[in-house]
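User: I would like to learn how to read the empty spaces inside a protein model. Could you take me through them step by step?

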Amino acid sequence: MISEYNIASHLTRIAKEKPYDIAIYAPDKKDSKGRYSYLHYTYKELEYESNVIAKGLRAHNISKGTRTILMVTPSLEFFALTFALFKTGAIPVLIDPGMGLKNLKQCLKETAPDAFIGSPKAHLARTLLGWERGKIEHLIIVGKKSVFSGITLDNIRAAGKKEKTGFFPNIKPGDTAAILFTSGSTGSPKGAVYTHSNFMAQVEALKKTYNIGHDEIDLCTFPLFALFAPALNMVAIIPKMDFTRPAKVNPFHMFDTIEHFGVTNLFGSPALIKRITQAGIEGGVKLPTLKRVISAGAPVPAETIEAFSNMLTEDTQVYTPYGATEALPVSSIGSHEILGEMSKATKEGKGICIGRPMDSINASIIKITDEPVECWSNELLVEEGEIGEITVEGPQVTKAYYNREDANRLNKIIDLKTRKIHHRMGDVGYRDKNGRIWFCGRKTHRIKTATSTLFTIQVEALFNIHKDVSRTALVGIPDKKVQKPILIVETKKKLKASQLLQLRKELLELAKNNQLTKAIDTILFHNDFPVDIRHNAKISREKLGVWAAKKLL
């Protein structure tokens with residue numbers, strides 16, 4: 001029996017309601033025309049497989065509270081293993097493999113895992129790099145055993161089939177369900193502690209916000225979001241792609257998959273959406289089966305949203321939810337609203353509208369500080385329309401980081417009266433008179449000049465409208481006791497030296513004539529902005545700042 005508070009209980013319920021419906025499709029082999037055939041699990045098969053694996057894990061002493069690194073590519077096994085870990089009460093630790101070797105090692109050290117479940121490639125990295133050597137008790141190989149020590153997933157299955165006891169541990173709402181690491185794009189990665197009630201609240205918020213109905217089909221281009229598909233009663237389609245490089249996805253494979261399965265829901269990073277938009281518009285592609293498109297991880301340019309909307313039916317919207325690894329979803333807004341007055345306001349430097357908070361979220365704007373805030377007080381709040389730091393509290397908001405008291409002090413605020421935890425998003429913005437929140441940038445990216453404070457998203461939007469500009473990044477370099485603002489520009493196409501001189505002249509004139517940007521008198525050009533490893537869309541202004549400082553020496 002599965003506890004009703006266990007996030008895996010959704011799978012158990014659906015397996016009883018429609019056992020023979022398909023739960024997941026995963027690509028297998030190419031045919032002569034270059035198209036993939038697919039393997040699948042029905043809900044009954046996924047329920048059975050995850051039960052067998054859960055019993056096998058328990059037989060090998062992986063049970064409630066066992067911290068377990070899971071490094072398996074999105075596949076049928078990934079889904080079965082994750083639900084199996086939830087059922088046993090073990091704690092899957094999900095770390096982005098693209099975050100870099102130094103960060104990976106630090107994440108492993110912080111979580112001190114008891115078990116490591118991974119592909120042969122993951123075990124090779126573990127062995128060569130000495131990840132927690134001698135400290136991990138259980139090693140499980142998903143795939144051929146090869147030369148690595150440990151047992152295989154087939155061994156786990158065999159042990160599970162011998163187990164007669166079908167009962168799983170009693171899970172309470174506040175029990176830890178998983179540890180999900182942030183990408184580390186704006187600092188060192190941190191492990192957000194998710195409880196089963198956090199996951200339950202996320203499922204309900206997503207279902208309510210996007211009106212997700214029965215028998216929908218989800219194209220899973222982001223593995224963590226894919227885990228919600230069975231809980232949301234959607235068929236999960238795993239595409240053939242490199243999930244660590246969404247910006248390099250094959251758009252035509254995406255189009256074929258959407259058409260072949262009649263996909264109704266697409267979740268993708270802004271970089272993925274931009275890539276398939278460019279190919280789709282050039283090829284005159286239409287995607288009539290899609291009921292909604294959801295893109296998160298970084299701001300999505302209005303131009304991209306408008307272009308992508310041309311491939312959709314009139315009623316279908318592109319939604320851009322706001323949130324973070326620690327709290328998702330917080331708010332959401334659709335393309336019908338974005339492409340109206342909101343887009344115009346963004347181009348005027350008013351920030352990006354991220355919509356109204358979810359019904360379950362208490363969002364507040366507090367005074368900006370880089371220091372810890374020990375306890376919650378209404379005196380922290382700013383006036384309507386004033387830019388401050390965005391904080392959130394609610395059932396889908398995680399309350400702590402694992403083994404990172406320094407990060408907890410900086411990012412969490414406790415209300416001593418209610419004992420509720422407010423999470424500091426690390427973003428700055430304001431609330432308008434209609435209750436909508438406007439995002440103005442990361443707090444750490446703000447530029448303090450001698451006369452004003454500049455916020456990246458507001459400033460960059462004023463330059464991004466230029467016909468030759470692909471995107472811009474505002475960075476600051478030390479200048480006595482303040483910062484000197486530098487605008488770094490990535491052009492849409494390669495320009496000659498004379499054209500770059502003219503573009504610089506035009507952008508400086510634009511800066512001079514706007515109150516927000518008059519402090520900017522230096523512009524640099526960069527061919528290819530560094531971006532985050534998870535979504536390939538969030539600009540790494542920290543790296544660009546170091547680059548700019550060297551250029552100006």
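Analyst: Helix H7 (196-210) and strand E16 (327-332) each supply at least two residues to the lining of the largest cavity; helices (H or I, at least four residues) and strands (E, at least two) are DSSP runs numbered from the N terminus. This is a predicted model, in which local features need pLDDT of at least 70 and side-chain atom pairs count only at pLDDT 80 or more, while totals for chains, interfaces and linings use all residues. Residues are numbered from 1 along each chain as its sequence is written, and side-chain values use heavy atoms, with hydrogens and water left out.

User: What is the volume of the largest cavity, and which residues line the largest cavity?

Analyst: Rolling a probe the size of a water molecule over the atoms shows where empty space is left. Here a cavity is a set of points, on a 1 Å grid over the protein atoms alone, where a 1.4 Å probe fits but cannot get out, and lining residues have an atom within 4 Å of a point. Grid points are joined across faces, edges and corners, and a volume is the space filled by probe spheres set on the points. The largest cavity has a volume of about 60 Å³, and its lining consists of Gln202, Leu206, Phe225, Phe267, Ala296, Pro321, Leu328 and Pro329.

User: How many cavities of 30 Å³ or more does the structure hold?

Analyst: There are three cavities of 30 Å³ or more, and the second largest has a volume of about 50 Å³, with a lining that includes Thr221, Phe222, Arg534 and His535.

Methods:
1 Å grid on protein atoms, 1.4 Å probe; cavity = no way out; pocket = protein on both sides within 12 Å on 5 of 7 lines; lining within 4 Å.
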